[in-house]
Every structure is written in C-alpha cells, then in structure tokens.
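Q: Could you take me through the ligand sites and the salt bridges of this model? I'd like the cut-offs stated as we go.

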Amino acid sequence: MIQFFREKQKQQGKEARYDTRCPFCSVQCSMTLTEEKLVATSRFKAIPNKQDPTSEGRLCIKGVHAHQHTVHRERIRQPLVKTGGAFVETSWEVALGLIAERFKRLQKSYGQDAVGVFGGGSLTNEEAYLLGKFARLALGTRYIDYNGRYCMSSAAAAANLTFGVDRGLTNELREVEDAECIVLAGTNLAECQPTLMPYLRRAKKNGAFIIVLDPRETGTTKIANLHLKPKPGTDGAIAAGMFKVLIEEELIDRTFIEARTNGFEQVKSELQEIALAELALAAGVPEEQIREAAIRFGEAQTGMIFTARGVEQQATGTADVRQFLHILLATGKIGRYACGYGAVTGQGNGQGGREHGQKADQLPGYRSIESPEDRAYIASVWNVEEKDIPRKGVSAFELFQKIDQQDVRGMFIMGSNPVLSSPHENLVKRALSRLDVLVVVDMFISETAEYADIILPTTSYLEDEGTMTNFEGRVVHRPGSKPPFGKAKHDWQILCELAEALDRSHGFQFSSPEEIFNELCLASKGGKADYSGLSYEKIKGEGVLWPCPTKEHEGTGRLFEDRFYTENGRAQFGSVHCPVDSENGEYPLLLTTGRVLTQYLSGTQTRRSDALLSKEPEPFVLLHPETASSYQIQDEDWVMVRSPYGEAKLKARQSEGIREDTVFVPFHWAGSVSINHVVAPELDPTSRMPAFKRTKVQLMKIIEEKGESWYSGQKNDRQESENTDDILDPVHSGGVAKNR
Ligand SMILES: Nc1nc2c(c(=O)[nH]1)N[C@H]1C(S)=C(S)[C@@H](COP(=O)(O)OP(=O)(O)OC[C@H]3O[C@@H](n4cnc5c(=O)[nH]c(N)nc54)[C@H](O)[C@@H]3O)O[C@H]1N2
Ligand SMILES: Nc1nc2c(c(=O)[nH]1)N[C@H]1C(S)=C(S)[C@@H](COP(=O)(O)OP(=O)(O)OC[C@H]3O[C@@H](n4cnc5c(=O)[nH]c(N)nc54)[C@H](O)[C@@H]3O)O[C@H]1N2
Ligand code: SF4
Ligand SMILES: [Mo]
C-alpha cells in the first residue's frame with residue numbers, strides 16, 4: 001500500500017500529451033489532450049488543433065469531454081466469458097481459442113454462412129478493411145454488413161445512381177461560404193456537426209439565402225431564411241415541387257443538362273402530370289414556400305444542397321434524395337465552385353467505413369463483390385483464388401432477420417450496439433437470444449454485449465492508431481499514443497489473432513496499422529475510392545481528399561468538373577417520386593427520431609461521461625402544445641408512445657416549433673425509454689436502410705396513482721384491468737381524454 005502511494009506521488013504532477021481526434025462525429029476534430037496525473041485521479045484538458053483544415057480549431061462539447069468514457073470504471077479490462085449467466089474474466093488465449101472452436105463447429109454443422117459479421121463506422125479505415133477481409137477469408141462467410149446501412153446508405157445509393165460515385169461532399173467545405181443559396185434538408189448541423197456551423201454563418205454573412213427542411217425547430221433552423229416543415233417522409237415531394245417550379249420559371253441550365261446529363265425529358269414529362277398543389281399537400285407545407293425555395297435556388301448563381309438522415313432514413317429515402325440531386329443537375333450547380341451536394345456524413349469514419357468492404361455487396365475501394373473483374377483484382381491483392389471470395393450477403397437489419405430464422409447461428413459484432421440502434425428492438429433482442437454463439441468486441445458491456453457469450457475488450461480512440469475519412473472525404477491520420485487500457489487490444493490485432501486461432505493466418509500477419517493501410521491503398525487502386533497514392537507520411541498533417549490515384553497526386557477537392565463517374569460520364573436523372581400518405585386512425589401521429597447535442601448514438605460512450613449525461617440525463621417525447629393538450633399532457637408527464645411493434649415510456653416536452661401531427665424522440669438511451677422498440681422495420685427497397693424517421697404511432701398519457709377523487713368513476717375498472725402502478729390512458733385520433 002505504501003509502495004503504491006509512493007508510486008502515485010512520483011507520478012503526481014506529471015503531464016502526458018496525446019495528439020488525437022474526437023471519436024464521435026464525421027468532422028473528426030483534431031486536438032491535443034493533456035493528462036495531468038494527480039494522487040488518485042488525472043486531470044484532462046482538450047486543446048483544439050488550430051491547423052485543422054476542417055474544424056479550424058474548434059471542438060464541441062462532446063469533443064471536450066470525449067476522454068471521460070475511456071477512463072470510466074465500467075471499461076472492460078480483460079476478455080469475458082459468460083459462465084452460468086455471469087461474465088467471468090479470462091485470458092486472451094482462452095477466449096480466442098473458444099471463439100475459434102465454436103465458430104468452426106457451427107460452420108461444420110451448418111455451412112460457412114452460419115456465422116455472420118457486423119461492423120461499424122467508428123472503426124478506422126484499416127480495421128474496416130480488415131473486418132471485410134476477415135469475414136470473406138478467415139470465416140469465409142457472405143454475411144457481413146455494418147451500422148452504416150442504418151446511417152447513409154440511401155444517400156450513397158442515390159449518389160451512385162445519379163453521379164456514379166458516393167463521396168459525402170462533392171466539393172471543398174470552404175466553398176460553402178461563397179454559395180449564394182444553401183438547402184439543408186433533414187440535417188441538424190448545429191447539434192450533430194456543431195463545429196461546421198461557422199461555415200454556414202460565414203455564408204450567411206456573405207449574403208447566402210439558407211433554406212432548412214425539418215418538421216421541427218432546431219439549432220439549425222435558427223439560421224434559416226426560410227424554414228419548411230415537411231411531414232416526416234415527404235421531402236421528396238418538396239424537392240420534386242421545387243424542380244417543377246424551376247422548369248416552369250425557366251430557371252434551369254439547358255446547356256449543362258444537354259452536355260452533362262441523361263434522362264431530363266423523362267422527368268420533365270413526369271412532373272407535368274403532377275400539380276404543385278398536390279405535392280405541397282402531400283408534404284403538408286404551403287405551396288408558396290416551395291415556390292420561394294425554388295426561385296431562390298434557381299436565381300442564385302451558386303448553390304449547394306445538403307441532405308442528412310431526416311431525408312434519408314425513410315422507406316423511400318433513395319428516391320427522395322434523388323429528387324434533390326435532380327435540382328442540382330437541372331440548375332447546373334454541381335462540379336463548379338461553391339456548387340455541389342453534401343450527404344452530411346454521420347459517424348467518425350462513416351465515409352471510410354463505407355468504402356472498403358464492410359458492406360454486404362462490396363469489396364475495397366468501392367468495388368463490387370459481384371463483378372468478375374473486381375473479384376479477380378481483389379483476389380490478386382489478397383493472394384487467393386477468385387472463387388474463394390464469397391458472394392454478396394444481406395443488409396444489416398436483414399441479417400438480424402436471418403438470425404431470427406436461425407439461418408445465421410453465430411455472430412461477431414465489432415463497433416456497434418445494434419440492440420439499441422436497430423428498428424424493431426424486440427425482434428433484434430429475440431434474434432440475439434437465439435444465437436448459438438455471440439461475440440462482441442467493445443469497450444463496455446453494451447446492451448448488445450449483454451447477450452454475448454464472449455466479450456473482447458478493445459482500445460479507445462486515444463490508444464488506437466489509424467486513419468479516418470472525414471465529412472469532406474479527407475483521409476486523416478489519428479495517432480493513438482496512450483497505452484492500452486488493462487489488457488485491451490486494438491481491433492486490428494484482435495482480427496489478426498482470431499484469424500490465427502481459426503487457422504487462417506494467411507493474409508492477417510500485420511504488425512502495425514500502417515502495414516494494413518498500405519495494403520488497403522493497393523486494394524483500392526483503380527477503384528472509385530482510390531487511395532493508392534496515399535501513405536501515412538502523406539496524410540499526416542492536413543490529410544488528403546480522395547481520389548488520390550498516384551504518389552504525385554495531391555488529392556481531389558472538387559469532383560465532377562469534367563465528367564461524372566458513370567460509364568458514359570454523364571449524370572443520370574431518375575424518376576419523380578411523390579409519397580402518398582395513407583390515413584391510419586389507430587396510429588394517428590407520426591414519430592420521428594434523432595439526436596441531441598450532448599449524446600452520441602446508442603450512448604454507450606456518452607452516457608458514461610458525467611459532463612455530457614448531466615446536460616440531458618434522459619430522453620423525452622417532443623410534441624406540439626396543441627397535440628399535448630388534446631391528450632391532456634403537460635411537460636414532464638409520462639407518455640407511452642406505441643406502434644404495432646412495441647412501446648416506449650417517455651417524459652413529455654412541449655414545443656411550439658414542431659408540427660402538430662409529429663412527435664420527436666432522441667434514441668440514445670436504453671431500457672423502457674428506448675424508442676427503437678417502437679420504430680417499424682420498414683426498409684428502403686434500394687438501399688435497405690430502415691425508416692427511422694417515420695413510424696405511425698399512438699400516444700397514451702400514463703397516470704400515476706395519486707388520490708381517489710381525481711380519478712373518480714373509472715377507478716374500479718382500472719384496478720381490474722391493470723395490475724401496475726402506472727396506468728395507461730389511451731386517447732385516439734387527437735381526441736380529448738374523458739373524465740380527466
Ligand atoms: N450530438 C450528436 N451528433 C451526432 C450524432 C449523435 O448521435 N449525436 N450522430 C452522428 C451520426 S452517426 C449521424 S448519422 C449524424 C446525424 O445527423 P442528422 O441527420 O443531422 O441528425 P438527426 O437528429 O438524426 O436528424 C436531423 C434532423 O432531421 C429532422 N427530421 C426528422 N424527420 C424528418 C423528415 O422527414 N424530413 C426532414 N427534412 N427532416 C426530418 C429531425 O427533426 C432532425 O432535426 O450525426 C452525427 N453527429
Ligand atoms: N431510432 C433511430 N435509430 C437510429 C438512428 C436514428 O436516427 N434513429 N440512427 C442510426 C444511425 S445514423 C447510426 S450511425 C446507428 C449507430 O448505432 P450503433 O451502431 O449502435 O453505434 P454506436 O452507439 O456508436 O455503437 C458503437 C458501439 O461500439 C463501441 N465502440 C466505439 N468505438 C469502437 C471501436 O473503435 N471499436 C470497437 N470494437 N467498438 C467501438 C461503443 O462502445 C458502442 O457500444 O444508429 C442508427 N439508429
Ligand atoms: S462531436 Fe464532432 S464536432 Fe464535436 S468535437 Fe467531436 S468531431 Fe468535432
Ligand atoms: Mo449515422
């Protein structure tokens with residue numbers, strides 16, 4: 001004990017410095033974190049990096065406190081094996097041996113595809129690449145997908161169909177401030193990428209007209225010149241309406257359309273069939289607002305459109321995003337200065353994570369797993385036979401359906417918490433409990449890891465070196481200089497060691513992330529996301545925007561200046577899409593879900609930060625005062641939100657700023673407040689992305705037992721039918737609760 005104290009005293013006052021990047025969103029703000037060691041604890045300070053070309057030396061509140069979860073007492077120090085229902089610490093050797101044995105046994109009995117893999121957009125490029133390779137070669141399974149399917153896949157699909165490639169931002173971020181008109185559709189940058197807001201503020205100062213589409217008021221709508229409040233799931237109708245007005249007002253660029261695009265006449269004739277009034281009605285916004293938005297955008301010399309999850313996480317997200325891309329093509333506002341598209345990337349490595357082979361149908365460098373040439377090239381890099389690479393699998397949510405049907409019996413999850421982040425939470429939990437073997441690699445016993453048979457402890461962003469591709473498509477380096485926590489290992493090391501335990505070490509003998517990066521660059525050569533001109537040396541510092549196909553190449557700031565990435569080099573118009581709304585009396589309200597500033601995704605990390613959790617300790621259901629009063633709901637009342645799939649209990653919060661037919665709930669919390677119990681498992685037909693942003697629901701006020709007189713008349717019935725302390729008060733279709 002005395003020895004321990006002396007050691008601590010010796011360390012006291014010593015300062016360590018870690019150059020790093022925030023582990024959360026796609027801006028990937030860089031910073032130096034200092035750690036001053038005190039007697040029983042450490043004092044941390046985050047200093048933003050002024051040289052960062054994207055964050056320009058800013059950090060948001062999440063970045064400032066990001067280290068808190070990395071030193072949290074609940075961090076896992078050692079591999080855990082579930083024994084008699086409880087997790088027991090074990091050695092790496094035992095844990096990896098056990099996983100290998102159980103996966104092999106499953107595959108022997110049920111075939112190679114009996115084991116699936118699920119990845120995430122927080123993994124570095126090196127780890128995302130290696131995870132794809134691990135699934136295909138070490139496990140030989142077709143079943144791999146990742147949480148990016150929940151995130152941006154509709155934007156990616158729309159961009160691929162239209163431009164032939166998907167890079168989040170098609171031009172450089174700094175051009176934003178010179179755009180004369182900016183459309184922000186379904187993005188809440190102020191809370192989700194806060195350090196980018198100054199770009200928009202500067203644009204506004206320069207005279208830009210900013211149009212925001214969101215069913216509620218947010219930090220972002222505050223900077224809007226025009227705020228349209230669509231009914232959830234109807235942005236496509238607004239964009240189609242804008243396109244119609246642009247044609248009618250002759251605000252289109254005929255020269256660009258003729259020289260650079262295909263399919264314009266077809267969309268134009270489809271648009272002639274639909275009245276603007278019909279589109280406005282479908283979206284629940286005034287026709288005049290659509291007209292004004294169109295004219296502002298059309299008359300501006302330069303302009304950009306951003307979409308994020310509000311538009312994309314819909315049952316028709318791909319078609320909806322395409323309506324916005326039509327506007328850019330028709331006005332020729334793409335491929336030139338201060339003009340372009342931004343699919344606002346979400347996760348820290350949401351961009352890189354979707355380029356290098358975690359997707360069910362994909363090989364590194366945006367190659368296709370079904371293309372003979374692509375397969376042959378990757379087989380040559382991996383030094384295997386082309387036939388040894390499995391074919392395509394299924395999308396993220398469909399993977400859980402496969403597990404539920406017991407087509408998949410073993411799972412390896414690295415970097416995701418799908419119990420909380422998937423739609424239809426009850427199905428996902430049931431599926432996971434049916435697995436023969438579940439392995440989760442995480443820093444914590446997440447809600448998903450609770451279902452695991454074996455949990456492997458991974459290192460945090462402070463410890464793990466690698467590269468990330470940020471919001472702009474800029475490949476940046478993240479040092480990882482803090483020693484690993486406990487016996488945790490890096491994800492890439494875990495994959496290499498597990499491949500060895502599976503007797504498949506060929507192709508997994510890496511001793512540093514840089515070696516993996518060099519192989520990734522080679523694998524991406526000639527692909528659409530071409531990293532082959534990159535090296536660690538080249539990207540340290542400011543980073544480089546892909547594609548970067550040769551050592552001499554400086555990277556690509558603006559895409560599509562001369563040609564698009566389609567086969568004939570032209571951009572492709574799609575079809576017009578106008579959502580039709582069916583009435584549903586039993587579920588009269590539309591639920592949409594999203595984020596708050598101080599929590600991140602499933603909250604595994606940010607709920608373990610006191611500084612962050614104290615700002616917003618629990619979720620809420622945001623509703624309009626008119627809606628609240630029709631249900632006799634007041635602020636802080638408990639409310640049940642219910643769909644045919646499940647229910648969540650939430651505290652009410654009123655806001656004049658939200659549509660009367662819509663309620664909003666953030667999804668970062670676990671248990672009975674988790675809103676994904678309620679979210680329907682509807683998938684976009686093209687991208688297979690879930691419709692997190694629109695579920696038909698009913699509300700019920702929950703009445704706590706508090707005195708007889710208040711509830712006279714119905715109390716007896718209630719006691720017979722309900723045997724709990726909380727009583728539900730169902731009120732239908734905007735009706736007023738009786739006798740209350
Ligand atoms: N603080 C914080 N920041 C984050 C994250 C986080 O969890 N917390 N997550 C990161 C990740 S992975 C992602 S993907 C991004 C997400 O970034 P965003 O997409 O900006 O975030 P969301 O809150 O999901 O949705 C954005 C807005 O869409 C609105 N919306 C809902 N339905 C509709 C609709 O039908 N149409 C329109 N036009 N708008 C709609 C919501 O009211 C919300 O304000 O954020 C990243 N940054
Ligand atoms: N209702 C609703 N649901 C949604 C959304 C929504 O808007 N509404 N948004 C969706 C979107 S856009 C996204 S991106 C998903 C994301 O949802 P998830 O995939 O669940 O994302 P995270 O909460 O970041 O989970 C990451 C897990 O991995 C761990 N982790 C973090 N870093 C690492 C690492 O480097 N290695 C390893 N091995 N583990 C790590 C964390 O501790 C955490 O447990 O949620 C989706 N779900
Ligand atoms: S959460 Fe995003 S904006 Fe905030 S510090 Fe981290 S990377 Fe930067
Ligand atoms: Mo995301």
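A: A polar contact here is a pair of N or O atoms within 3.5 Å; within protein, one must be able to donate a hydrogen and the other to accept it, and residues adjacent in sequence count only if both atoms are side-chain atoms. An oxygen atom of ligand 1 lies 2.7 Å from a polar backbone atom of Leu601, and the protein covers 100% of the 910 Å² of accessible area that ligand 1 has on its own (Shrake-Rupley method, 1.4 Å probe; for residues, only the protein chains shown count as cover).

Q: Before we go on, what kind of model is this, and how are things numbered?
A: This is a predicted model, in which local features need pLDDT of at least 70 and side-chain atom pairs count only at pLDDT 80 or more, while totals for chains, interfaces and linings use all residues. Residues are numbered from 1 along each chain as its sequence is written, chains are lettered from A and ligands numbered from 1 in the order in which they are written, and side-chain values use heavy atoms, with hydrogens and water left out.

Q: Which other residues make polar contacts with ligand 1?
A: Among them are Lys62, with a side-chain N or O atom 3.0 Å from a nitrogen atom of ligand 1, and Val596, with a backbone N or O atom 2.9 Å from a nitrogen atom of ligand 1.

Q: And ligand 2, how many residues surround it?
A: There are 28 around ligand 2, counting a residue as near if one of its heavy atoms lies within 4 Å, and the closest are Asn147, Ser416, Asp442, Asp491 and Ser602. A nitrogen atom of ligand 2 is 2.7 Å from a side-chain N or O atom of Asp491, and a polar side-chain atom of Arg595 lies 3.0 Å from an oxygen atom of ligand 2.

Q: Switching topic, how many salt bridges are there?
A: The count comes to 44, a salt bridge being a side-chain nitrogen of Lys or Arg within 4 Å of a carboxyl oxygen of Asp or Glu. One of them joins Glu463 and Arg75, with the closest N and O atoms 2.8 Å apart.

Q: Are Glu463 and Arg75 buried or exposed?
A: Both Glu463 and Arg75 are buried, where buried means under 20% relative accessible area, exposed over 50%, and partly exposed in between (1.4 Å probe, protein chains only).

Q: Any networks? Which residues are linked that way?
A: Glu56, Arg58, Glu177 and Arg202 are linked in a network of salt bridges.
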